[in-house]
Amino acid sequence: MKKTLLVVATALLVTAMPAAQAQWVVFDPSNYSQNILTAARTLEQINNQIRQLQNEAQMLMNQARNLTGLDFSALADLRSALSATNQLIQQAQGMAFNVSQMDGEFSRLYPNAYSASTSGGQMALDARQRWRNSLEALRTATQVQSQAVQNFRSDEQTLTDLVNRSQSAVGALQATQATNQLLALQARQAIQAQQLQITQDRATVLEQARQVAVQERAREVRRRFQGEGTPYTPYTVNFYSN
């Protein structure tokens with residue numbers, strides 16, 4: 001009986017051994033290390049991709065800022081100031097600023113010499129017109145000067161606005177646009193200076209021409225007074241017969 005139980009126990013033990021061996025965990029250090037290295041490399045690649053995406057996002061944001069336009073334009077104010085000065089010149093009285101029209105008026109009012117057919121009354125009317133031309137030229141010059149002073153006030157505000165926007169520009173486009181408008185302001189002021197110089201020079205030239213015409217008119221009046229015949233020759237008259 002004991003032998004039979006021993007045989008049965010031995011058989012059961014032999015039968016149970018493969019199942020017990022199947023449940024044991026086998027640890028491979030080299031394989032574990034390889035898996036750790038692979039995971040680390042994968043993580044590094046993911047981090048690199050994340051950094052690359054962040055850099056691309058920052059680049060796109062910078063490009064967007066660089067392409068952001070300036071929400072301010074001084075062009076209308078600059079053109080308005082320039083137009084106001086130009087309108088004063090166009091409305092100027094006296095000698096025309098048109099070249100062909102001016103040539104005709106100048107030749108008539110400021111002749112090199114008066115002909116014998118020109119009446120004294122006509123010369124007087126021409127002298128009056130020359131005086132009016134000089135007066136109107138001076139008036140136009142003073143009007144342009146006054147307009148320039150008014151433009152200075154608006155230019156100061158425009159300059160302040162443009163400088164502030166240039167300094168606070170978020171991108172290259174805004175900075176460039178602000179700089180271009182600053183250059184436009186400078187160009188407008190240069191044109192205004194030319195307009196002012198033109199009106200002042202015109203007043204000076206017309207006054208000089210008027211003085212020359214006055215001398216020519218005086219010469220013609222003197223010539224007519226003296227006449228074309230033999231000048232008077234004084235001689236001694238004796239009122240008492242001696």
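## A first look at this predicted model

Gln192 makes contact with Thr85, Ala148, Asn151 and Phe152, leaving out residues up to four places away in sequence. Welcome to the structure, which is a predicted model. From Gln192, this briefing moves on to helix α3, the largest nonpolar core, an aromatic pair and a buried loop residue.

**Gln192 and its surroundings**
- Gln192 belongs to helix α6, and it counts as buried at 4% relative accessibility.
- One of its contacts is Ala148; the two residues are 44 residues apart along the chain, yet their C-alpha atoms are separated by 7.2 Å.
- Another of its contacts, Thr85, is one of the buried residues of helix α3.

**Helix α3**
- Helix α3 covers residues 75-90, 16 residues in total, and spans 22 Å from its first C-alpha to its last, close to the 22 Å expected at 1.5 Å a residue.
- Its buried residues are Leu78, Ala81, Thr85, Leu88 and Ile89.
- Looking down the axis of α3, these buried residues fall within an arc of 115°, so they line one face of the helix.
- A helix has 3.6 residues a turn, so residues three or four places apart point the same way.
- What do the buried residues of α3 pack against? Their partners are α5 and α6.
- On the face turned away from the buried side, α3 carries the exposed residues Ala76, Arg79 and Gln90.

**The largest nonpolar core**
- Eight residues make up the largest nonpolar core: Met95, Leu109, Tyr110, Ala137, Ala203, Leu206, Ala209 and Ala213.
- Helix α6, residues 172-226, supplies the largest share of this core, with four residues.
- In soluble globular proteins, nonpolar side chains tend to be buried together.
- Leu206, a member of the core, is in contact with Met95, Tyr110, Asn133, Ser134 and Ala137 once its neighbours within four places in sequence are set aside.

**The aromatic pair**
- How many aromatic pairs does a search of the whole structure find? The search finds one.
- The pair is formed by Phe106 and Tyr110, whose ring centres are 4.6 Å apart and whose planes meet at 25°, so the pair is stacked.
- Tyr110 is buried, with a relative accessible area of 7%, whereas Phe106 is partly exposed, at 30%.
- Tyr110 also belongs to the largest nonpolar core.

**A buried loop residue**
- Thr118 sits in the loop between α4 (99-109) and α5 (120-167).
- Is Thr118 buried or exposed? Its relative accessibility is 17%, so Thr118 counts as buried.
- Apart from residues up to four places away in sequence, Thr118 touches Met123 and Arg224.

Methods: Residues are numbered from 1 along each chain as its sequence is written. This is a predicted model: local features need pLDDT of at least 70, side-chain atom pairs count only at pLDDT 80 or more; totals for chains, interfaces and linings use all residues. Side-chain values use heavy atoms; hydrogens and water are left out. A nonpolar core is a set of buried Ala, Val, Leu, Ile, Met, Phe, Trp, Tyr and Cys residues joined through side-chain atoms within 4.5 Å. Buried means under 20% relative accessible area, exposed over 50%, partly exposed in between (1.4 Å probe, protein chains only). Helices (H or I, at least four residues) and strands (E, at least two) are DSSP runs, numbered from the N terminus. Contact means heavy atoms within 4.5 Å. The expected span of a helix is 1.5 Å times one less than its number of residues. The arc is that of the directions from the helix axis to the C-beta atoms. Rings of Phe, Tyr and Trp (its six-membered ring) pair if their centres lie within 6.5 Å; planes under 30 degrees apart count as stacked, over 60 as edge-to-face and the rest as tilted.
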